[in-house]
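This report describes a ligand site and a set of paired strands.

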Amino acid sequence: MSNGKRTAGFSKTSLIKGIQCPKALYLSKNPPAIEIKPDPDLEAKFQAGREVGILAQQLFPGGTVVPFSDLSATEQIAKTRELIKAGAEVIYEASFAFDGIFIKADILVRTGTTWEINEVKMSTSVKDPNYDDAAIQYYVVTNCGLPVSKVSIVHINNKYERQGDIDVQQLFTSEDVTELALVRQGALPDIITNLREALQGDEPTIDIGGYCTYPYSCEFVPYCWRDIPEDSIFSLKGRGINKFNYYSQGIVRLEDLPTDKLNDAQRFQAIATINKEDSTNPAGVKDFLDSLWYPICHLDFETFDAPIPPFDGTRPYQKIPFQYSLHIQEKEGADPIHYEYLVEPGDDPRRELAEKLLAEIPEGACVLTYNQTFEKGVLKNLAEAYPDLADDINARIENIRDLMIPFRKRDVYRWQMRGSYSIKEVLPALVPELSYEGLSVSDGMMAMRVYHEMCKINDLVKLTELRQGLLEYCRLDTLAMVNILDKLMRMVILD
Ligand code: SF4
C-alpha cells in the first residue's frame, strides 16, 4: 500500500547501505570510474536467502505470496492491498511504499485487528543492522495505515540437528525486536531526508572509517582506499592501536607510526616490514620438527556449509567435507605419495570420505595439517556421525600436529608475510616456485562455490573441468605443506 506522498526513491537495502555510509549509497547510484568487482558469493547468498525465506513460510502456513518477479512494484503493492481487503490471514512478501521507501515484509500475519511482521534472516543471531531493517519495515507499514503489534526477526537456530525432513519449528528461532524498532522510529524521517539530499549533490565528502568494514564490508573500498599504501598502518594485523585515531592525525605509513605504542606482535610486523627484515629461530623450528615423526601424512580438507542442513545428523552451517588431499612421506627425504578424494556432487560424502581416509592414513602416523582447529573440527564431526568409526578417527585426531605453529610463534618470519601466518602468505614467501596463480580454484571459498556449481549442472564436460580444478587446488595445498616442511628442515640443517 502506498500513500503516494513521494515517488519511490530507495529500496530497504539502499537505505540500510546509506545508514552505514551515505557515500556508499551515493556511489551505488553514481558508480566511480574504477572497476568494482562484484562479490563472487553474492548470487549464492541470494539463492540461499531465497531458500531459507521460502522454508520459513511454513512457520505460518496457508499464506499467499506477492511475487517479486512478474509484477511491478506498483502491482505488488496493489496485490497486497487486495489481499488485506479480502481478509488474508498470512501474506508472504507483502509489499508497501511510504515516503519513497519500497519494502517487502517477508511474512505478514494478521492477529485480530493488528498485524505482525516477521523478517527472515539466514544468520544464526540478530545483528545490529537487522534492527534498522525492522525499524524501516515498521515505519513503512504503519505509515501505510496498518496497525503493527509486533516485529520479529526469524533466524536460523544453529543448535538444530537434522533427522529426516527439516523441522521448521526447530530450524528457526524468533526474536521479538518491536521495542528496538520503535526506538529507532524517531530518527528515520531525518535519516531519509538527509540521504535524499546527499543523493542530489556532489559526491559526499566522507573519509574512510570503521564503517567501511562494519557492519558490512563496503564494495567501494577499492575506490575510497585507493591512496592508502600497501604497507600502511591498516596493514597491521590483530588488535592493538586504534588505527583510525592515528589516521585522523595524518599518520598513514607504517614508518610514521611510533612503534612504542604497538603491541609486541604489531611492533614485530612493523619493524620487519619497514626494514624488509626476515628472521628465523632455528631452536624453535627444531623443537617443532622434533614433535613430528614418520610417516608424515599432510592432510587438507575442503568443506561446504549451508543454512539448511543437507543431511541427517548435520547442523546449520556445519562444515561438511567434500574433498581431501593427502600427501604421505614414509621417511625423511622420501618422495610423497599422493591420495585424494572428491565426492560425486550432491551425495553425502561423509561416510565414504571417512572410510577412505582411515584406510589411507596408517595407524600411529603423524597427521600434519595447516591450522589444526579446522581439520580437527571436521574429524570430530565425522566421529560423532559414525560411532563405529569414532575410535579410529579419534586416534588420528590425537596424532595431529600443526605446521602453522612455527609461523604463528614467529620462529620463521619473512617480511612479505605482513603479519599473517596463513599458508597463502607463507607459501609465496618461502616457496615462491609453487604458486596458486593460474589455478582455476585459488582459495577455499572458491572451492566451495565450485562444488555448489557442480551440484547444479549436468554438463559432463563442464563437470570434468570443475572437478579437475578442485583436485589441482587441493593437491597444491598439501604439496605446499610438503615443501614448507622441507624448507623448515633445511633451516635447521643449515644452522
Ligand atoms: S569505502 Fe568507506 S567511505 Fe567509501 S563508500 Fe564505502 S563505507 Fe563509505
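The sections below cover the basis of the model, the ligand shell and the strand pairing.

## Basis

This is a predicted model, in which local features need pLDDT of at least 70, side-chain atom pairs count only at pLDDT 80 or more, and totals for chains, interfaces and linings use all residues. Residues are numbered from 1 along each chain as its sequence is written, and side-chain values use heavy atoms, with hydrogens and water left out.

## Ligand shell

The residues around the ligand (a heavy atom within 4 Å of it) include Cys21, Lys23, Asp207, Tyr211 and Cys224. By class, the shell holds 9 nonpolar, no polar and 2 charged residues; Ala, Val, Leu, Ile, Met, Phe, Trp, Tyr, Cys and Pro count as nonpolar, Asp, Glu, Lys and Arg as charged, and the others, Gly among them, as polar.

α2 (22-29) and α9 (221-224) each supply at least two shell residues, and α2 gives the most, with 3. Helices (H or I, at least four residues) and strands (E, at least two) are DSSP runs, numbered from the N terminus.

## Strand β4 and its partners

Strand β4 (residues 101-111) is largely enclosed by the rest of the structure, because 9 of its 11 residues are buried, meaning under 20% relative accessible area (1.4 Å probe, protein chains only).

Pairing requires at least two DSSP bridges between two strands. Strand β1 (residues 10-11) pairs with β4 in the parallel sense over 2 bridges, and phenylalanine 10 stands opposite isoleucine 101. Strand β3 (residues 90-98) pairs with β4 in the antiparallel sense over 8 bridges. Strand β5 (residues 114-120) runs antiparallel to β4, joined by 5 bridges, with isoleucine 107 of β4 opposite asparagine 118.

Key. Buried means under 20% relative accessible area, exposed over 50%, partly exposed in between (1.4 Å probe, protein chains only).
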